[in-house]
Amino acid sequence: MATLDDRINELYNQFIDFPPKNKIVRLGISDDAFTLVAFEILFQNFHSVKKLNYNEGAHRELLCQYIVPPPDDSIDIFFEEKDLDECKYHIVQVKNSILSPGEIEQCFILMENSIKIFLNKPRDSKKNLKEIISGTDFSKQYKSDCVYYVVHRGQTNYIRSQKSNQKIITGDELQILENGTRQMSVPIEDFEIDTGNNFIVNNFIDNSESKKVNTHIPQSLLCNFSGYDLAKLNNKYANTLLGRNILYGQNLRESLNKNSKTYDSMFETVSKEPDLFLFYNNGITIISSAFNAVGANGKEKITVENFSIINGAQTTSTLGAYLRDAEINNEQENIENLKKVFVLTKIYQINKDLKNHENISENIKIFNNTQTPLSSRDMVSIRKEQIDLQERLFQGESPNIFVFIKKGETIPGHPKTQSHQRVTNEVLAQLTLCGFCSEPFTAKDKKTKIFDNDGKDDVILNSVYDRLFNQKSGLLFNRSKREIDELLFIYRLHEDTKKFQKIYLKNLLQNLNQKALANPVQVEQKENQMNSIKRNIEIANVCLFYNISCYFEMRSNFDNLIPNIENLSFETRKYFDNSETYKDKLIKSFSELVYSKTIDIIRNNSGVENVNNWIRAEKGQEVFLSTLRNSLINEGFTISEKYIEFVKLFKA
């Protein structure tokens, strides 16, 4: 695999003395090419250039647009991210050297100061930086929309009092980003072994050719790893831009957060009884493609290749947090305490030489996660179709949708997503069933069974899962990103409309309640009205899946009446910018066209039966869809006119 140094040399040789005027890459200074490497990797999701090539005129133009030639005023890259009428600015200083925390902090100060000078006294800015910034729309209104990056070749990726818009990118992180979102394991690392309490030492490992390996059973080691090594490893591979830590790439879940009950107790043990951590902690489990014990300088070490921690993410991430706090606060005693910590470690060698290795690997991951009960959703988080779906919906052109396929995931910094575009695979499955399949009952009834394994050979896991997630025939792979985005937006629109409906109905109820009536007939009428409103509120609370089905039934009936409907989308940016002329009108129109229709059908057909019971019965779905479809035929002209007007007003 090519290293960063290899790529630096390649780009240096291509772009040497480029451009002729104001050289970005100067003769004899290969460090200049590291800026090109950082630009190539950090912003590949924006500029869509996988590999810069001097022969491509567009690539040369791109570099001249965003790279600040020396003298650069402490800013090497000034990148403008445009998203319709919004702008965000990425400001980067690149150092092909190892920086200390103090030097990193100074880099941020210098960059922020250069931007401050440009905004207040642009004439005082250095010429090259001023020319690059002047080619963008940057102005004082975007001062708070700046993200600052320091890229360096050291291991430090955090500093004291680091701001939320300050990112530190190490060489290791660049390498991870270059390999893409699919990297699921750490390439290779060495670990120190606790020889005092160890179970396995070098002498016990037989690497001779004569040894016949049982190809049905994985090779394994049981040993104790240094807590300090594990802490460094966690922090080294904590990748904020990628949105996950590849150290846990094959884990069914990401590490838990600081609110976990065990977090504080582990901190206390490291501080007060580091030698006993081994005996208080359950340990960790690692899956690797290969391992070997290597003795050097009187110390036992184990080299592990292509590995992932598949149980013990909480332990390892807590040790990482402890080291981070100690380094930031310069607490040397705490760092020394961490070096006394050892963690019981099981290592399993799983590779293609092992028969049935995929099933064995999957079972190890599942059966080693029993301390915290696993759901069936946890168990599918590492399946290929889930990973492929996440990548398909998130990468590429907008709309960009991030699907959470396992607990603890965080959203990568870019591409940007709107609030409705972040969804779990479980919720997405339910919305697909009620929206694209018109099966509101199934969406509600199958929630706990979507990811269950029925053990049938003709489907993936079960028939519902296969219908949704099959990579060849599944709905979520055959619907466009735009269609899925609209499904998620309708879900959000339903939730906002529900609030509107409930406020409206509660106000009606309050007004009725305040009326003092003496006439018995009027009193009875008032009571009936109040009961009717209460019933509508009850229905509004639980009709989500039916309401989404109602909208998509209207679409399937009337979209053919609208020219170029496949090119029209809701203006979601207007909606989330709280534009009153768009958001409020859309909610009211959706309430009149769809929500009220859903409530009327359920109220008129459920009678006096408990609404929850009616919705949870399969007959409710049959009655609802039959009534709705008859209504769309019998009132077709009126409803279609309203629907066409709705689309004209709110889709563009």
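How many of the residues of helix 2 (residues 32-42) are buried? In this predicted model, 11 of its 11 residues are buried, and helix 2 is mostly covered. Buried means under 20% relative accessible area, exposed means over 50%, and partly exposed lies in between (1.4 Å probe, protein chains only). The buried residues of helix 2 include Asp32 and Glu40 along with Phe34, Leu36, Val37 and Ile41.

The model is predicted, so local features need pLDDT of at least 70 and side-chain atom pairs count only at pLDDT 80 or more, while totals for chains, interfaces and linings use all residues. Residues are numbered from 1 along each chain as its sequence is written, and side-chain values use heavy atoms, with hydrogens and water left out.

**Whole protein**

The protein has 652 residues, of which 51% count as buried. Its secondary structure comes to 27 helices and 14 strands; helices (H or I, at least four residues) and strands (E, at least two) are DSSP runs, numbered from the N terminus. About 31,500 Å² is exposed, and carbon and sulfur atoms supply 47% of it. Accessible areas come from the Shrake-Rupley method with a 1.4 Å probe; for residues, only the protein chains shown count as cover. Of the contacts with a separation of 6 or more, 71% are between residues 24 or more positions apart. Contact means heavy atoms within 4.5 Å.

**Helices 5 and 6**

The axes of helix 5 (residues 101-120) and helix 6 (residues 127-134) cross at roughly 70° and come within 11 Å. Helix 5 is therefore roughly perpendicular to helix 6, a term for angles of 65 to 115 degrees. Axes are lines fitted to C-alpha atoms, for helices over the stretch in contact, and angles run from 0 to 180 degrees between N-to-C directions. Helix 5 makes the contact with Ser114, Ile115 and Phe118, and helix 6 with Leu129, Lys130, Ile133 and Ser134.

**Two loop residues**

| Residue | Loop between | Relative accessibility |
|---|---|---|
| Leu276 | helix 9 (261-272) and helix 10 (277-280) | 31%, partly exposed |
| Arg479 | helix 19 (475-478) and helix 20 (481-513) | 22%, partly exposed |

Leu276, Phe279 and Tyr280 make a nonpolar surface patch of about 320 Å². Patches are made of residues with over 30% relative accessible area and no salt bridge; like charges are joined within 9 Å, nonpolar side chains (Val, Leu, Ile, Met, Phe, Trp, Tyr) within 5 Å. A salt bridge is a side-chain nitrogen of Lys or Arg within 4 Å of a carboxyl oxygen of Asp or Glu.

Not counting residues up to four places away in sequence, Arg479 touches Arg392, Phe436 and Ile484. Phe436 is 43 residues from Arg479 along the chain, and their C-alpha atoms are separated by 9.2 Å.

Terms used: Parallel < 35°, antiparallel > 145°, perpendicular 65-115°, else oblique.
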